[in-house]
Structures are given as C-alpha cells and as structure tokens.
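Please open the structure in your viewer, keep the selection panel at hand, and follow the stops below in order.

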Amino acid sequence: MSSSPIARSAGPVPASIPSSGSRLNALRYRAKVALNGPTTFIGLLLAGLFTYLIVMPVLSILFDAVRVQFGDERRLRASAGDFTTYYLERAFTSRVARDLFWGPLANTLTVAASAIALAMIIGGVLAWLLSRTDMFGRRWFATALIVPYMLPAWTFALAWTTLFKNRTVGGQPGWLEAMGLTPPDWLAYGRLPITIILALHYSPFVILLFGNALRRFDSQLEDSARILGANRLTVARQIILPLMQPALLSAMVLIFAKCLGEFGVAYVLGLPVDFDVLATSLYRSISSRQSGVAAVLAGSIMLIGVITLMIDARLLKEARRFVTIGSKGSMSRLSPLGILRWPATGFAALMFAFSVGLPLLTLALSTVMRQPGNFAPDNFTLDYWIGRDLNTVALKSGILFTPDLWRAAWNSLSIVGVASVTSGVLGLLVGYVVARTPIRPLAAFLRQVTFMPYLVPGIAFAAAYLSLFAVPRGPIPALYGTAAILMLALIADQMPYASRAGVAAMMQLGKDPEEAAQIAGAGWFRRLIAIVIPIQKGALTTGILLPFISGIKGLSLFVVLAVPGTDVLTTYSLRLIDYHYTQAANAVVLIIAAISYFGTLAGQKLTKSNLAQGLGN
C-alpha cells in the first residue's frame with residue numbers, strides 16, 4: 001500500500017516567512033487604525049506644540065552658551081552667532097569664575113546639604129510622632145505642620161529680615177536693632193538664615209513622604225524581630241530604615257531640587273552680604289546683560305537637576321529590593337509615649353510656632369507699625385493698608401488704595417488663571433492621547449517631553465524662554481515684555497503636574513463609554529465634552545488648581561520674564577522690597593500667602609483629597 005504524502009513528510013513543516021507585501025499590508029492596516037479618529041492627529045499636534053514650548057527654549061539657551069551674543073562682537077572679534085568657547089571659559093576657568101560659578105555652586109551645595117540634614121531631622125521626628133505615636137492633637141498637627149509647604153518660601157525670609165535686619169542694608173532697622181540689640185551679619189544674612197528657612201519650609205516634604213510610608217509599615221514585622229531577640233537598634237537598622245529608604249530618598253531629592261532653583265530666599269537674605277547661589281548668580285548675569293554667561297549658568301543648573309533625578313531613579317531602583325507584602329492582616333500600631341506625651345506635643349507646637357505662627361505674626365504686625373519694634377499703642381496704624389497722603393516719596397496711599405497692587409493682582413489672576421486652565425486641558429488631552437493612541441512611540445514622547453520641565457529649575461527655565469522669545473524668530477514676534485511670554489512659560493513649566501494628573505486619570509477610564517457613544521452617532525468632540533471631561537472633572541480640577549496655586553506664589557519664573565507693565569503680585573512685592581517699602585511689601589506677601597493657603601484648602605475640598613495624607617492624594 002502506497003503511503004500518503006503526509007506520511008512521507010519528515011519533520012515539522014517550516015513556518016512561512018512573511019513576504020514584503022504582507023508586511024506592507026500590515027503597516028497600511030496599522031496606519032489606517034491609527035488615523036481612524038482624531039486621537040493620533042491631536043497627539044501629533046501636541047508633540048509639535050510641546051517641542052516648541054519645552055524643547056526649543058532649552059536647546060536655544062544651550063546653543064547661546066557657545067554662540068557669540070549680540071553686543072560681544074567687538075570684544076570677541078567675531079560675528080554674532082559664530083561658535084565660541086569664550087563664555088564657557090569665562091564661567092569655568094577665568095579669574096572671575098569663582099564669583100560667577102564656583103563660589104555660587106559651593107554655596108548652593110552646602111546650603112542644600114545643610115537644609116536637607118536639618119529638614120530630615122525635624123521632619124523625620126515629626127513624621128514619626130504623627131504617624132506612630134499617641135501624641136496629643138495628631139489630627140490637627142497633621143494639617144498644621146504642612147502649612148509652610150502652602151506658603152511662598154520667601155515669606156519667611158521677609159519675616160526674618162523684619163526681626164534681624166541690621167545696618168548692613170539701608171532703610172528701616174529690624175525689630176531687634178530698634179530695641180537696642182544689633183544682630184551680627186552671620187545671623188541677619190547669608191548661609192545660616194537661608195539654611196534654616198529652607199529647612200523649615202521643606203520639612204513638610206519629609207513629613208508627607210516619610211509619614212505616609214510609616215503609616216503603611218506593618219507593625220507585625222517589628223514585633224516578629226523583637227520576638228527573635230533583635231534590639232531596637234537592630235530593628236531600626238535592618239528592618240525599618242531599608243523599608244523607609246525610598247520615601248527618605250524621595251524627600252531628599254525633592255528638597256535638593258527645590259533648593260537648587262530657589263531664588264527668593266537667597267535674593268532677600270544673600271544679596272546684602274554678596275552671598276550668591278547659582279540662582280542669584282544667574283539673575284545677576286541676566287540683569288547685567290551677560291547673556292552668554294547666563295546661558296552657561298542656566299545649562300549648568302539644568303545639568304545638575306538632570307543628574308540629581310538620574311541618581312534618584314538609580315537609588316530607588318536599588319531600594320525596590322526591600323519590599324513588604326501587605327494584606328488585610330497588616331497592622332499599624334501606635335506607640336504609647338507615656339510621660340513623653342506632653343513634651344512631644346510641645347515640640348510639635350514649638351515647630352508650628354517657629355515655622356508658621358511667628359513669621360506670619362511678625363509680617364502682620366510689621367504692616368501696622370510706623371516704627372519697627374515699637375509696641376507703644378500710638379505706634380500702631382492702618383495707614384499702610386488703607387491710608388491716604390502718606391509721608392513717603394512714591395507710595396502715597398495705603399497698599400489697598402494703590403493702583404499698582406490691583407494691576408499686579410489682575411495680572412496674577414489673569415495670567416496664572418489662563419495658564420492654569422490651558423495646562424489643565426492640555427494635560428487631560430495628553431492623558432487621552434497616551435491612553436488611546438495605538439502609536440506607542442508617540443505616547444512615550446508625550447510622557448517624556450511634558451515631564452522635561454520638572455528637570456529644569458524655574459529660573460533656568462525662565463532664562464531659556466528669554467533666550468528664545470527675546471527676539472523675533474520667523475513668524476513669531478519678540479514676546480519679552482508681554483503677558484504672552486509669562487503665560488507660555490507658566491503653561492510649559494506646569495505641564496509635569498497637569499500631564500501626570502491627566503495620564504493617571506485616563507489610564508483608569510475604559511473605552512466602553514466612548515464606544516457606546518460612538519455607536520450612538522456621537523462625534524469625537526461630543527464624546528470629549530459629554531463623557532470624558534465630566535467623568536474626569538476631578539483630574540481636570542487637579543490639573544488646573546496645582547498650577548494655579550504654584551503660579552500665584554511662584555517667583556523664580558516671573559522675576560526674569562516680568563517687566564513693570566506685566567508685574568504680578570510676587571514681582572511687585574519684590575520691587576517694593578528693593579525700594580525699602582517694608583510695610584507695603586510685607587502686606588503684599590500676606591495677600592499672596594492668603595491666596596495660596598486658601599487656594600490649597602479649596603483644592604483639597606473640590607478634589608476630596610487631603611494633603612496631610614501624602615503627596616500622592
């Protein structure tokens with residue numbers, strides 16, 4: 001009997017190799033699916049927009065560091081735009097390099113390291129008291145101790161100068177000097193006060209991140225180790241600290257990144273004694289029109305920021321080796337303090353008084369005093385708030401009757417408001433494209449490019465915008481001196497927060513509601529308005545409120561880009577400080593602090609979140 005062809009075959013039949021025609025058909029099919037609907041088209045538009053608003057300014061200022069700038073042609077004997085290493089050499093190796101870069105870099109690193117160490121001690125102790133003990137008033141302190149995070153950092157710098165100012169700077173004396181005590185320069189200005197203020201201001205990062213990790217820590221792990229004979233030091237070193245390492249590292253990196261770009265505190269307390277950090281050195285270079293050196297300094301700040309976050313990512317990757325598997329049986333037990341309960345509560349109350357109560361009370365009292373430090377009843381007045389025909393050179397009315405205040409307030413609300421709404425909507429669209437587009441490289445690009453401003457401190461990002469938009473480029477006119485450049489810079493600067501809120505929300509929204517509406521005949525825009533936005537209104541609100549609060553109290557971005565005609569509240573208060581109108585400047589800062597604080601509370605109310613429970617809420 002003859003065998004069948006199947007029986008005669010030996011071995012497995014080789015798989016067919018797809019032809020070039022089938023591959024082309026597959027690509028055509030994928031392209032058809034990608035272009036079916038406007039999602040991919042919108043993604044491409046967003047990619048182009050963010051390339052121009054985020055990538056191009058950074059590239060522009062980096063190129064400025066190696067190009068001859070306008071006005072330097074005769075000195076460098078080259079044409080504007082030619083390649084040069086002059087600015088790099090001036091910033092890094094010249095005789096003035098110590099004043100321009102190396103001195104400010106050393107000051108920045110030492111202040112940041114000292115502030116981190118002090119914040120970790122203060123915040124770590126408070127986080128443990130709030131999360132793991134039976135201290136009195138835990139619920140109230142959990143919110144009260146993060147109030148410094150809601151207020152502008154330089155609020156506390158102004159309170160410090162009100163108390164400790166001496167004759168090194170002109171204008172009215174500080175309270176202590178008015179009482180006959182002259183504080184030394186090292187206490188009134190420079191490294192020590194800047195470090196203390198930054199530590200107090202950023203200690204809420206440690207309370208939030210470390211405290212949240214402590215609340216998730218299972219007490220049964222500690223009990224098991226103690227049963228096996230481990231002492232408290234061994235338990236802390238081998239169990240608690242490895243598990244807390246990601247939270248501690250995140251807090252340290254966040255504080256360092258904030259200190260790197262902090263301008264207001266160093267400007268108020270450092271410039272009187274020529275104590276420069278990188279942010280103020282960059283501001284001096286911009287103010288003196290050394291745009292090439294400013295580009296080098298801005299690029300250096302960006303590089304340090306990128307390296308910092310890369311180190312953070314590496315450390316967190318290593319820290320993931322230490323994990324716990326939680327379940328419903330996990331337990332978070334409070335430790336009784338016993339006789340230390342009252343001292344612990346007193347320590348928390350003392351930190352609240354130093355970080356919130358005393359600074360705000362000092363600023364408030366300073367605005368109703370004619371002479372600093374004089375507490376006689378006849379020295380108190382409301383003239384600096386609502387007075388008329390004041391005996392001053394320029395500020396003839398109380399701050400509430402000054403047109404410049406209301407102009408700056410309108411600029412703040414309009415510029416920051418428009419930018420916040422725009423960034424919130426753009427963030428939701430980014431999340432929609434990332435979650436819906438079949439082109440994964442496009443989704444990855446949008447995630448990365450919208451996160452890029454987080455790597456760049458605010459004052460360096462402002463310098464990048466100044467580099468790109470200070471002169472006409474193609475069809476885009478010069479925007480410096482207009483409100484448009486402030487809006488665009490704020491939109492780009494706040495995209496990391498808005499886009500993350502949008503992506504996180506859209507990843508949790510399935511396609512079923514949209515597909516049902518599409519079957520019913522609803523177009524894409526109708527589905528977006530009637531389904532996506534109502535469902536994701538919480539994420540949209542978060543994406544608007546976070547940029548709004550940050551923009552209202554922000555200074556680093558505006559101080560470079562604002563001019564007197566586009567003053568916002570923060571830059572207006574800074575001009576009052578420069579003119580030594582102390583009472584008026586402090587009044588404006590109190591207004592900013594009130595808007596920032598109550599705006600944060602309103603945001604928590606609208607989003608049904610609680611900042612005291614952690615940054616992620």
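Is R407 buried, partly exposed or exposed? With a relative accessibility of 43%, R407 counts as partly exposed, where buried means under 20% relative accessible area, exposed means over 50%, and partly exposed lies in between (1.4 Å probe, protein chains only).

Before moving on, please note that this is a predicted model, in which local features need pLDDT of at least 70 and side-chain atom pairs count only at pLDDT 80 or more, while totals for chains, interfaces and linings use all residues. Residues are numbered from 1 along each chain as its sequence is written, and side-chain values use heavy atoms, with hydrogens and water left out.

**The whole chain**

Show the chain as a cartoon, and you can follow 30 helices and zero strands; helices (H or I, at least four residues) and strands (E, at least two) are DSSP runs, numbered from the N terminus. Of the 617 residues in the chain, 50% are buried. The chain exposes about 30200 Å², and carbon and sulfur atoms supply 65% of that area, where accessible areas come from the Shrake-Rupley method with a 1.4 Å probe and, for residues, only the protein chains shown count as cover. Among the contacts (heavy atoms within 4.5 Å) with a separation of 6 or more, 72% are between residues 24 or more positions apart.

**Salt bridges**

Go back to R407 and select D404 with it, since R407 forms a salt bridge with D404 whose closest N and O atoms are 2.5 Å apart; a salt bridge is a side-chain nitrogen of Lys or Arg within 4 Å of a carboxyl oxygen of Asp or Glu. The two residues R407 and D404 are separated by about one helical turn, because they are three residues apart in helix α20 (residues 403-436). D404 is partly exposed, with a relative accessible area of 37%. A search of the whole structure finds seven salt bridges.

Next, select D64 and R67, which form another salt bridge, with the closest N and O atoms 2.7 Å apart. Here D64 counts as buried at 8% relative accessibility, whereas R67, at 28%, counts as partly exposed.

The following stop is R284, which forms a salt bridge with D276, the closest N and O atoms being 2.9 Å apart. R284 is partly exposed, with a relative accessible area of 35%, while D276 counts as buried at 11%. Add D274 to the selection, and you have a network of salt bridges that links D274, D276 and R284.

**Two loop residues with a positive phi**

Most residues other than glycine have a negative phi. Stay with D274, which has a positive phi of about 55° although it is not a glycine. D274 is found in the loop between α15 (264-270) and α16 (278-287), and D274 counts as exposed at 61% relative accessibility.

Then select R77, a residue other than glycine whose phi is also positive, near 55°. R77 is found in the loop between α4 (73-76) and α5 (86-92), and R77 is exposed, with a relative accessible area of 79%.

**A nonpolar patch on the surface**

Turn on the surface and select M56, L59, L62 and F63, which form a nonpolar patch with about 340 Å² of accessible area together. Patches are made of residues with over 30% relative accessible area and no salt bridge, like charges being joined within 9 Å and nonpolar side chains (Val, Leu, Ile, Met, Phe, Trp, Tyr) within 5 Å. Within this patch, L59 has its place in helix α3 (residues 39-64), and L59 counts as partly exposed at 35% relative accessibility.

**A buried serine**

What surrounds S499, leaving aside its neighbours within four places in sequence? S499 is found in helix α24 (residues 495-507), counts as buried at 0% relative accessibility, and is in contact with G427, V430 and T450. The side chain of S499 makes a polar contact with the side chain of T450 at 3.3 Å, a polar contact being a pair of N or O atoms within 3.5 Å; within protein, one must be able to donate a hydrogen and the other to accept it, and residues adjacent in sequence count only if both atoms are side-chain atoms. The side chain of S499 also reaches the backbone oxygen of M495, at 2.6 Å.

**A mostly covered helix**

For the last stop, select helix α29 (residues 569-578), where eight of the 10 residues are buried, including Y572, L574 and I577. Helix α29 is followed by H580, whose phi is positive, near 65°.
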